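Here are a few exercises to work through with the model open in your viewer. Try each task before you read the solution below it.

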Amino acid sequence: NSFINQTDVLSEMHPSPSYHHRHYKHLPMEPMTTVLLSSHALVISSSSYYESEEEWAGIVTFARTPEDVEREYYFLKALEPEKRQEEANRRAKIFAERFAPEAVFMRAGLHELFGIH
């Protein structure tokens with residue numbers, strides 16, 4: 001957590017999208033992403049499976065190329081610290097709401113399976 005507090009903008013790289021689609025079509029976002037977002041870090045990721053990108057939209061920045069990763073990194077680092085923190089807080093709030101246990105339970109349709117409404 002001390003590293004995150006010092007850095008606050010982090011990048012995760014996945015295999016290339018073509019590799020990803022051939023070998024890990026439904027590979028979820030890296031587990032570390034949840035730890036980073038809970039710590040209010042700004043996360044930049046290489047492209048992922050399109051459904052993952054949709055689910056994480058507004059929370060994680062997806063970059064198509066290494067140049068896009070670098071550009072987004074320097075954009076976020078150039079923000080005033082207060083603005084960067086506001087953006088991190090905004091993303092962390094969306095993450096907490098979208099991935100709260102009840103929200104995941106409902107999205108998965110488990111409430112219908114168990115007859116809970």
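## Exercise 1: Pairs along one helix

Lys93 and Glu97 sit four residues apart in helix 6, about one turn of the helix. This is a predicted model, so keep that in mind as you go.

**Task.** Work out how the side chains of Lys93 and Glu97 meet, then see which other pair in helix 6 lies three residues apart.

**Solution.**
1. Start with the side chains of Lys93 and Glu97: they form a salt bridge, at 2.7 Å from N to O.
2. Check the cover. Lys93 is exposed, because its relative accessible area is 52%, while Glu97, at 47%, counts as partly exposed.
3. Now go to Glu86 and Lys83, which are three residues apart in helix 6, again about one turn. Their side chains make a salt bridge too, at 3.9 Å from N to O.
4. Glu86 has 46% relative accessibility, so it goes down as partly exposed. Lys83 has 47% and is also partly exposed.

## Exercise 2: Glu87, buried or exposed?

**Task.** Decide whether Glu87 is buried or exposed, and find what it is linked to by salt bridges.

**Solution.**
1. Place the residue: Glu87 belongs to helix 6, residues 81-98.
2. Apply the cut-off. Buried means under 20% relative accessible area, and Glu87 comes in at 19%, so it counts as buried.
3. Look for charged partners. Glu87 is linked with Arg90 and Arg91 in a network of salt bridges.
4. Look along the chain as well: the C-alpha atoms of Glu87 and Leu42 are separated by 7.8 Å, although the two residues are 45 apart in sequence.

## Exercise 3: Reading strand 3

**Task.** Describe how strand 3 pairs with strand 2, and say which side chains cover each face of strand 3.

**Solution.**
1. Strand 2 (residues 42-46) and strand 3 run in the parallel sense and pair over four bridges. Within that pairing, Ser45 stands opposite Phe62.
2. Follow the connection: strand 2, helix 4 (residues 50-55) and strand 3 build a right-handed β-α-β unit.
3. Recall the rule for side chains: in a regular strand they alternate between the two faces of the sheet.
4. Apply that to residues 60-63. Val60 and Phe62 are on one side, Thr61 and Ala63 on the other, and all are buried, so both faces are covered.

## Exercise 4: A tie to helix 4

**Task.** Find the salt-bridge partner of Arg64 and explain what the pair ties together.

**Solution.**
1. The partner is Glu53, with the closest N and O atoms 3.1 Å apart.
2. Arg64 is in the loop between strand 3 and helix 5 (66-78) and Glu53 is in helix 4, so the bridge ties together parts 11 residues apart in sequence.
3. Compare the ends. Arg64 is exposed, because its relative accessibility is 56%, whereas Glu53 has just 13% and counts as buried.
4. For the wider tally, the structure holds seven salt bridges.

## Exercise 5: The whole protein

**Task.** Sum up the fold, and say which residues make a nonpolar surface patch.

**Solution.**
1. Count the elements: eight helices and three strands, in the order α-β-α-α-β-α-β-α-α-α-α.
2. Of the 117 residues, 32% count as buried.
3. The accessible surface is about 7,500 Å², with 58% of it belonging to carbon and sulfur atoms.
4. Leu110, Leu113, Phe114 and Ile116 make a nonpolar patch of about 410 Å². One of them, Leu110, is in helix 8.

Technical notes: Residues are numbered from 1 along each chain as its sequence is written. This is a predicted model: local features need pLDDT of at least 70, side-chain atom pairs count only at pLDDT 80 or more; totals for chains, interfaces and linings use all residues. Side-chain values use heavy atoms; hydrogens and water are left out. Buried means under 20% relative accessible area, exposed over 50%, partly exposed in between (1.4 Å probe, protein chains only). Helices (H or I, at least four residues) and strands (E, at least two) are DSSP runs, numbered from the N terminus. Two strands pair if DSSP finds at least two bridges between them. A crossover is right-handed if, with the strands pointing away from the viewer, the path from the first strand over the helix to the second runs clockwise. Patches are made of residues with over 30% relative accessible area and no salt bridge: like charges are joined within 9 Å, nonpolar side chains (Val, Leu, Ile, Met, Phe, Trp, Tyr) within 5 Å. Accessible areas come from the Shrake-Rupley method with a 1.4 Å probe; for residues, only the protein chains shown count as cover. A salt bridge is a side-chain nitrogen of Lys or Arg within 4 Å of a carboxyl oxygen of Asp or Glu.
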